[in-house]
Structure formats: structure tokens, C-alpha cells
Amino acid sequence: MPKRKLNLARMSDDDLLDLRVCELPLKLKDTPLQERVDQLYDELAQRGITFRPHCWLSDDWYSPDGIPGIAIPFYLAHPRLMRLERQQLLEVEGGTKQWCMKILRHEAGHAIDTAYRLRRKAAFRRVFGRVSQPYREYYQPMPSSRDYVLHLEMWYAQAHPLEDFAETFAVWLRPGSRWRTTYKDWPALKKLEQVDRFMKAVAGTKPVVTSRRADEPLSRIRKTLREHYASKRRHYGLDIPSVYDADLRRLFDGSISSRRAPTAAAFLSKVRGEIRRVVARWTGEYTYTIDQVIQEMIERCREMELRVGGPAEDVKRDAMILVAVRTTHFMHEGRHRVVV
């Protein structure tokens with residue numbers, strides 16, 4: 001039977017969700033993603049690193065153990081699939097060029113660790129910790145810690161020693177990175193200096209592991225997109241009520257009569273900088289920490305389809321109080337856990 005031609009741009013959500021992942025007519029080289037991969041290669045070359053991690057489309061971001069390459073999620077290869085991703089999971093991880101490059105640099109850290117077997121070195125274990133410890137389903141970050149660099153959201157370097165290395169590598173690799181100044185007086189500086197020593201040692205050398213295998217490429221993924229998204233929603237707990245729900249319902253309006261009012265997510269995004277500054281001044285907490293709390297509130301407002309139901313100034317004042325309370329709770333009661 002001849003293979004059917006698919007026009008993803010014209011397909012409904014239901015038709016797309018019934019497709020098997022292996023049926024998606026996508027190739028990385030035909031998309032803007034290839035330009036971003038090429039940019040990553042340029043950044044490595046500028047640092048004197050000749051290693052080039054190979055990249056392929058799969059169902060998520062990752063760099064497999066034993067394979068010095070990077071899997072990139074399929075939805076980034078087509079604008080229609082990015083819209084479906086947002087509709088299903090409420091955000092598009094890596095959906096902007098800046099965000100995509102941040103993740104590519106992080107995954108390149110995993111790939112170069114694999115390529116040169118850096119984790120086997122005593123200096124790696126001494127600086128980043130034991131890589132043999134298992135990944136936990138959740139980790140509980142310490143936002144005030146200066147033992148870790150800040151790169152991806154939610155203090156991801158704290159998830160595991162291998163993630164700590166990948167995050168540190170990403171900060172080191174970023175063009176124009178002034179890591180020596182930014183992390184001056186931070187214990188994390190010794191990790192950046194160790195990455196610098198590792199990279200000087202491997203610059204211009206061939207990798208030890210040269211496999212070009214692709215783990216779980218699209219052509220081998222038989223599940224439907226509906227099954228894929230149901231699994232991801234369960235994994236990330238998107239169907240579980242958030243700790244913010246009751247507070248957000250008091251602050252914003254979810255009734256049908258408010259449908260013409262600005263969305264709560266857009267409102268919080270607009271006043272985000274002001275809330276961050278005011279709450280930081282009165283609580284003394286890091287603006288980065290406060291911003292993570294605001295981001296979670298924005299995402300939950302979007303999920304709950306809340307809107308601004310009262311005078312903007314009153315809502316902004318109450319939002320500042322709520323962010324201050326939630327930030328303090330976040331820092332001092334240690335109840336926040338991040339799914340890996």
C-alpha cells in the first residue's frame with residue numbers, strides 16, 4: 001500500500017493525535033533546527049573543540065548514556081506540532097531560539113562527557129560528586145545555594161551530578177559568558193574552572209566514544225501522539241491540582257462573564273518585572289527565586305484559564321502579596337519538589 005502524504009498544517013488536533021509518531025514526515029535537516037545545531041557546532045569550534053555531537057529527532061530532549069549525541073523533540077520540527085504541544089502541555093520546551101540554544105548547550109555537555117568519558121576521571125567525581133547515584137523522580141532544590149550555576153530553570157544543576165556538569169558546561173560554552181565575573185566568590189566557580197581544564201585537555205583531540213547511533217529515532221516510535229501526550233501529562237502531574245489553585249482563584253476570575261477581560265497569565269507576565277523587584281526588596285530573596293514562583297503561577301493561570309476580574313492596581317497589589325507569601329513558603333518550608 002502506498003504511503004499516504006500528510007499535510008500536518010491542515011490536520012485537526014484529533015487527526016494529529018491519532019497519528020503514530022513514526023508516521024510524522026519530519027527530517028531535522030529540513031527545519032530551522034539545523035541552523036541551531038550548526039550554531040552549536042560553531043560555538044564548540046570557537047572553543048577549540050573538534051567534537052560534534054550528532055543530533056536526531058525523537059520524542060523528548062535527552063542525550064543517551066553511551067551515545068555522544070542529542071535527541072531533539074519532534075514538535076520543534078513543525079509549527080503545527082508546536083501548537084499541538086502547547087495545547088497539550090501548556091508550553092513548548094525549547095520553543096524559542098534562545099531557549100532551544102540553552103537546552104542544546106546543556107545536552108552538548110552530556111554528549112561531550114560521554115564522548116571523552118569525563119565522568120570516569122577522579123577530578124570529575126571530586127568536583128561534581130558520584131555519578132553512580134540514581135536519578136530521583138523528584139528533587140528538592142535549594143534556591144539560595146551558590147554551589148551550583150544557574151542555567152535552565154528550577155535550579156536544574158541540583159537534580160544530579162551529571163546534570164550539574166551539563167549545566168556548568170552550558171554556562172562555560174555560552175558565547176560572551178563572563179562566568180569568572182558572574183560566579184566570583186561562588187563555590188560553583190571551582191566547577192566552572194574544572195570544566196575549563198577538561199575542555200582545554202580535549203581541545204583538538206578525537207573523542208574516545210564515536211558511536212553515531214540514534215536512540216529512539218522517530219521511525220521506531222510506534223505510539224500515537226495521543227498516547228505520548230497522555231503519558232507526559234501523567235509524568236508531569238498536569239492533571240493534579242496545584243498548590244496555587246485556591247489562592248489564584250481568589251485573586252483572579254474564572255467565570256464565563258469575565259471572558260472579555262485580560263487573561264491572568266498575560267497580566268502577570270506584564271507586571272512580572274515590577275512584582276519581582278518589589279518582592280525582592282521586601283523579602284530579601286533572590287530575584288531568580290521569585291521569578292520561578294511567578295512563572296509557576298503564570299503557567300497555572302493559563303491552565304485554569306483565569307482572567308483579571310477587578311481593578312488592575314488592586315489585582316497587582318494582591319499578586320505581590322501572594323508572590324511574597326509563596327516565595328517565603330517556597331524557601332523556608334522546603335515543600336517544593338521538581339519532577340525530573
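Asp 247 and Arg 250 are joined through their side chains by a polar contact of 2.5 Å. Keep in mind that this is a predicted model, so treat the distance as a computed one, as the model gives it. Asp 247 sits in helix α10, which covers residues 245-251. How accessible is Asp 247, buried or exposed? Its relative accessibility is 17%, and because the cut-off for buried is under 20%, Asp 247 counts as buried. Beyond the residues up to four places away in sequence, Asp 247 touches Leu 322 and Arg 326.

Now jump to Leu 26, which you'll find in the loop between α1 (13-17) and α2 (33-46). Leu 26 has a relative accessible area of 15%, so it is buried too. Which residues does Leu 26 touch, once those up to four places away in sequence are set aside? The list runs to Leu 8, Leu 57, Phe 74, Ala 77, His 78, Leu 81 and Leu 218. If you want a feel for distance across the model, try Val 149: it is 123 residues from Leu 26 along the chain, and the two C-alpha atoms are separated by 35 Å.

Leu 81, one of the residues touched by Leu 26, brings us to a pair of helices. Helix α3 takes in residues 79-89 and helix α9 takes in residues 225-235; they pack with their axes 10 Å apart, at an angle of about 40°. Oblique angles include those from 35 to 65 degrees, and so α3 is oblique to α9. As for handedness, α3 passes α9 in a right-handed crossing. From α3, the contact uses Leu 81, Leu 84, Glu 85, Gln 88 and Leu 89, while α9 brings Leu 225, Tyr 229, Lys 232 and Arg 233. Sorted by class, that contact of α3 with α9 has five nonpolar residues, three charged ones and one polar one.

While you're on α3, have a look at Gln 87, which also belongs to this helix. Its relative accessibility is 42%, so Gln 87 counts as partly exposed. What does the side chain of Gln 87 make a polar contact with? The partner is the side chain of Gln 88, at 2.8 Å, and Gln 88 is also among the α3 residues in the contact with α9. Looking back along the chain, Cys 22 is 65 residues from Gln 87, and their C-alpha atoms are separated by 21 Å.

The other helix pair to look at is α12 (residues 272-283) with α13 (residues 287-304). Their axes come within 9 Å of each other and cross at roughly 135°. That angle makes α12 oblique to α13. The crossing of α12 and α13 is right-handed. On the α12 side, the contact is made by Arg 272, Ile 275, Arg 276, Val 279, Ala 280 and Thr 283; on the α13 side, by Thr 287, Ile 290, Asp 291, Ile 294, Gln 295 and Ile 298. The contact of α12 with α13 divides into six nonpolar, three polar and three charged residues.

Arg 272 is worth picking out of that group. It lies in helix α12 and has a relative accessible area of 17%, so this arginine is buried. Where does its side chain find a polar contact? The side chain of Gln 295 is the partner, at 2.8 Å. Setting aside neighbours within four places in sequence, Arg 272 is in contact with Asp 291, Ile 294, Gln 295 and Ile 298, and these four are also listed on the α13 side of the helix contact.

Finally, turn to a couple of backbone angles. Trp 155 is not a glycine, yet it has a positive phi of about 50°. You'll find Trp 155 in the loop between β3 (138-139) and α6 (161-173). With a relative accessible area of 2%, Trp 155 is buried. Asp 185 is likewise not a glycine and has a positive phi, here about 75°. This aspartate lies in the loop between α7 (179-182) and α8 (189-202). Is Asp 185 buried or exposed? Its relative accessible area is 66%, and since the cut-off for exposed is over 50%, Asp 185 is exposed.

How values were computed: Residues numbered from 1 in each chain as written. Predicted model: local features only at pLDDT ≥ 70, side-chain atom pairs only at ≥ 80, totals over all residues. Heavy atoms only, no water. Helix = DSSP H or I, 4+ residues; strand = E, 2+ residues; numbered from the N terminus. Buried < 20%, exposed > 50% of the residue type's maximum accessible area, 1.4 Å probe, protein only. Polar contact = N/O pair within 3.5 Å; in protein donor to acceptor, adjacent residues only side chain to side chain. Contact = heavy atoms within 4.5 Å. Axes fitted to C-alpha atoms, helices over the stretch in contact; angles between N-to-C directions. Parallel < 35°, antiparallel > 145°, perpendicular 65-115°, else oblique. Left-handed = near helix turned anticlockwise from the far one by under 90°. Nonpolar A, V, L, I, M, F, W, Y, C, P; charged D, E, K, R; others polar.
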